[in-house]
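Work through the exercises below with the model open. Try each task before you read its solution.

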Amino acid sequence: MALEPTDAPAPPDGLEVTPHEDYVEVEFTGDFSPGVAMNVVDVMVAACEEAHRSAILLDCRSMSASPSVIDQFTVAEYGAENIHRHITVAMLVREDLLLPDRFFENVAVSRGVRVRQFSDRTQAVDWLEKRA
């Protein structure tokens, strides 16, 4: 059953939020733009708070488009300003979006976000559950 945060902006098209025992899963299959990605951040933080969880599995493997490096920087900075420090995020992305230097992850982590990118769901969930 999808959870609809009550105090968050309306979720963008292609966003489904599902609470699990230890984390909230957010799957984004819509069209990427920096504005939409910022809305996803807002919705997932609100869903995490509403479900009383401190961990998020964000699955972006099916989103359309590939964010540019500047778009990744913009969204990582926005996340750093809006994701609460007690929240941990495991982010599932396609292999082609995992830059060799993990640019998005490094920008976010250097600004205080507890996030790690994965292309394998099992690894992401294992990492997340160890930190939840």
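Buried means under 20% relative accessible area, exposed means over 50%, and partly exposed lies in between. Keep in mind that this is a predicted model.

**Exercise 1. Classify Phe103: is it buried, partly exposed or exposed?**

Step 1. Take the value: Phe103 has 22% relative accessibility.
Step 2. Compare it with the cut-offs: buried needs under 20%, exposed over 50%.
Step 3. Phe103 therefore counts as partly exposed.
Step 4. Repeat for Phe73: at 25% relative accessibility, Phe73 counts as partly exposed.

**Exercise 2. Find the aromatic pairs and describe their geometry.**

Step 1. The structure holds two aromatic pairs.
Step 2. One of them joins Phe73 and Phe103, with 6.5 Å centre to centre and 35° between the planes.
Step 3. Planes under 30 degrees apart would count as stacked and over 60 as edge-to-face. The Phe73 and Phe103 pair is tilted.
Step 4. Place the partners: Phe73 lies in helix H2 (residues 69-82) and Phe103 in helix H3, so the pair ties together parts that are 30 residues apart in sequence.
Step 5. Phe118 and Trp127 also form a tilted pair, at 5.7 Å centre to centre and 55° between the planes. Both Phe118 and Trp127 are buried.

**Exercise 3. Trace the sheet. Which strands stand at the edges?**

Step 1. Five strands form an open sheet with mixed pairing, in the order E1-E2-E3-E4-E5.
Step 2. E1 (15-19) and E5 (114-118) each have a single partner strand, so one side of each is left without a neighbour in the sheet. These two strands stand at the edges.
Step 3. On average, neighbouring strands are turned by 15° against each other, direction ignored.
Step 4. Zoom in on one pairing: E2 (residues 24-28) and E3 (residues 55-59) run parallel and are joined by four bridges. Glu25 has Leu57 as its bridge partner in E3.
Step 5. Add a helix: H3 (residues 103-110) lies across E4 (88-92) and E5, and runs at about 170° to E5.

**Exercise 4. Map the nonpolar cores. Which element gives the largest share of the largest core?**

Step 1. The largest nonpolar core has 35 residues. Val26, Ile56, Leu58, Ile83 and Val89 have the most contacts inside it.
Step 2. Elements giving two or more residues to this core are E1, E2, H1 (34-50), E3, H2, E4 and H3.
Step 3. H1 gives the largest share, eight residues.
Step 4. Check Val26: beyond four places away in sequence, its contacts include Leu15, Val17, Val40, Met44 and Ile56.
Step 5. A second, separate core of 10 residues includes Tyr23, Ala55, Leu57 and Ala124.

Definitions and conventions. Residues are numbered from 1 along each chain as its sequence is written. This is a predicted model: local features need pLDDT of at least 70, side-chain atom pairs count only at pLDDT 80 or more; totals for chains, interfaces and linings use all residues. Side-chain values use heavy atoms; hydrogens and water are left out. Two strands pair if DSSP finds at least two bridges between them. Axes are lines fitted to C-alpha atoms, for helices over the stretch in contact, and angles run from 0 to 180 degrees between N-to-C directions. Contact means heavy atoms within 4.5 Å. Rings of Phe, Tyr and Trp (its six-membered ring) pair if their centres lie within 6.5 Å; planes under 30 degrees apart count as stacked, over 60 as edge-to-face and the rest as tilted. Buried means under 20% relative accessible area, exposed over 50%, partly exposed in between (1.4 Å probe, protein chains only). A nonpolar core is a set of buried Ala, Val, Leu, Ile, Met, Phe, Trp, Tyr and Cys residues joined through side-chain atoms within 4.5 Å.
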